[in-house]
Structures are given as structure tokens and as C-alpha cells.
Amino acid sequence: TLALIGGDITLDGGILNSETGIVSLSSIRDGFVNLNQNDQSFTLDVTENSKFGNIQLSQKSLIDVSGASAGSINIRGSDVSLKDGAVLYLQNRGIQPAGDTNINATQSLEINGISPDGKIRSALLSETFAGSNGNINVVTPRLIVQNGGSIANRTFSSAPGGNISINATELIEVSGFSTINPEHFSLIASTTFREGKSGNISIFTKDLSVLDGAAVAATTFSRG
């Protein structure tokens, strides 16, 4: 387990890599965090009434738990943002099921834009080439995906893709495309490229807007 716990957390071009492990970021301005050990790793338990800080990833920052048995990513803060090609990445290359990507942002989650070179989306990305894929779970009042950002779960194998679950109590806005590279439009997608079934997309919100060329889609490009 690789855990960062503190006030506001900023990664500006930084890389956190824990092959097949767990990466946890918790921004706590006021409160207590308990560290609990299980058989193979540690988990963080944040006490009630804690005040959360902000988490910002930018300039192609990367959190990567890919491997032969992909791990999991846990992010908890107030305002959480990924921009300029920042990515939370989980790729399952083994036959064991992958872990999940979990985001709990008490104020908002923003996934905005692509890298300055026009190649990398700001994204929550989970994919598998072998075993079943993990889920992407988002809990926040406000989710903004814009200017080419994406939330994507993909399978390139006969194993099933993971699900995308979004619980945004106030609103979800998916809008626009990148002005740097207009081929990158904002997207929430579950996709299969082989025999495995794509996962489900579950959205719970009062106000859903999909605007200006953006898309929310579950798609198959093969027999899955």
C-alpha cells in the first residue's frame, strides 16, 4: 500500500506507481485517520466529521496500479481535479480480477482537458487484457468532465469489463472537446474490443447534461 495523507495534495507532473498494489490519497485538513492492517495490505479509515482538503493532479501526473493482478486506487478529498493529461490508471494483465478505482469527493470532481502535446486525456481509466476488470466508483455532489476528459472502462479480452457507477447528488456535466486536439471529446464510456462483455454504466443524479459533442456510451466493437 502506498498512502499519502495530509492537507491539500498536489501532483504536478508526478508519478505514483504501485504495481498490483493499492494507492490511497486522503486530503484531511482537520480530523483523524486510522490505519488498519489486513492480511496483505493497509486500509485508511477516516473518522466522522473530518474536514477534507483538495486534491489536484496536473501536467500528465500518473497514478498507476497496473500489473499481473491489478491493484486499486482510492481518492478522498473535498474538491478533486485532474487536468492537463493527469490519469488514474489501472491495467489488468493477469488472470486474477482487478481491483477498483474509488473516488469520494465531498464537493466536486473535475476531469478537464488533455496534455499540452495533445496525446493524453485527463482520465479515470481501467482496462483489462486478461482477467476481469475492476469497477470505477465515483461519489460526489458535482461531477464535471470537459474539454476532452474521460471516464473509461475497457476490455480487450474474453473477460468482462468493469462497471462505472456515478452517484452525483447535484449534477453531472459532460461537455465539449479539446481545443488542442478536437478528436478528443469528453466521454464516459464502457467499451469491449473482444469477446468479453462491456460493463454497465450507472448514473444517479438530479441534473445530467451531455453537451457540445460529448458522449455517454456503452459500446461493443466485437462479439462481446
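Strand β12 (residues 101–112) runs parallel to β14, and 9 bridges join the two in this predicted model. On pairing with β16, β14 is again parallel, over 10 bridges. Beside these strands, ring pairs link F129, F156 and F193 into a cluster.

**Strand pairing around β14**

- Within the pairing of β12 and β14, L109 has L143 of β14 as its bridge partner.
- Within the pairing of β14 and β16, I136 has I164 of β16 as its bridge partner.
- Strand β14 is mostly covered, with 8 of its 11 residues buried.
- In a regular strand the side chains alternate between the two faces of the sheet.

**Aromatic pairs**

- A pair of aromatic rings is described by the distance of the centres and the angle of the planes.
- The count of aromatic pairs comes to 2.
- The pair of F129 and F156 is stacked, because the ring centres lie 4.7 Å apart and the planes are at 5 degrees, where planes under 30 degrees apart count as stacked.
- F129 sits in the loop between β13 (123–128) and β14 (136–146), and F156 in the loop between β15 (150–155) and β16 (164–175), so this pair ties together parts that are 27 residues apart in sequence.
- F156 also forms a stacked aromatic pair with F193, at 4.7 Å centre to centre and with 5 degrees between the planes.
- F193 belongs to the loop between β17 (187–192) and β18 (201–205), whereas F156 lies in the loop between β15 and β16, so the pair ties together parts that are 37 residues apart in sequence.
- F156 takes part in the pair with F129 and in the pair with F193, and the ring pairs link F129, F156 and F193 into a cluster.

**Exposure of the cluster rings**

- F129 is partly exposed, at a relative accessible area of 43%.
- F193 counts as partly exposed, its relative accessibility being 33%.
- F156 has 22% relative accessibility and so counts as partly exposed, since buried means under 20% relative accessible area.

**Charge over a ring**

- R121 lies over the face of F185, 5.8 Å from the ring centre.

Terms used
Residues numbered from 1 in each chain as written. Predicted model: local features only at pLDDT ≥ 70, side-chain atom pairs only at ≥ 80, totals over all residues. Heavy atoms only, no water. Phe/Tyr/Trp six-rings, centres within 6.5 Å; stacked < 30°, edge-to-face > 60°. Helix = DSSP H or I, 4+ residues; strand = E, 2+ residues; numbered from the N terminus. Buried < 20%, exposed > 50% of the residue type's maximum accessible area, 1.4 Å probe, protein only. Lys NZ or Arg CZ within 6 Å of the ring centre and 35° of its normal. Pairing = 2+ DSSP bridges.
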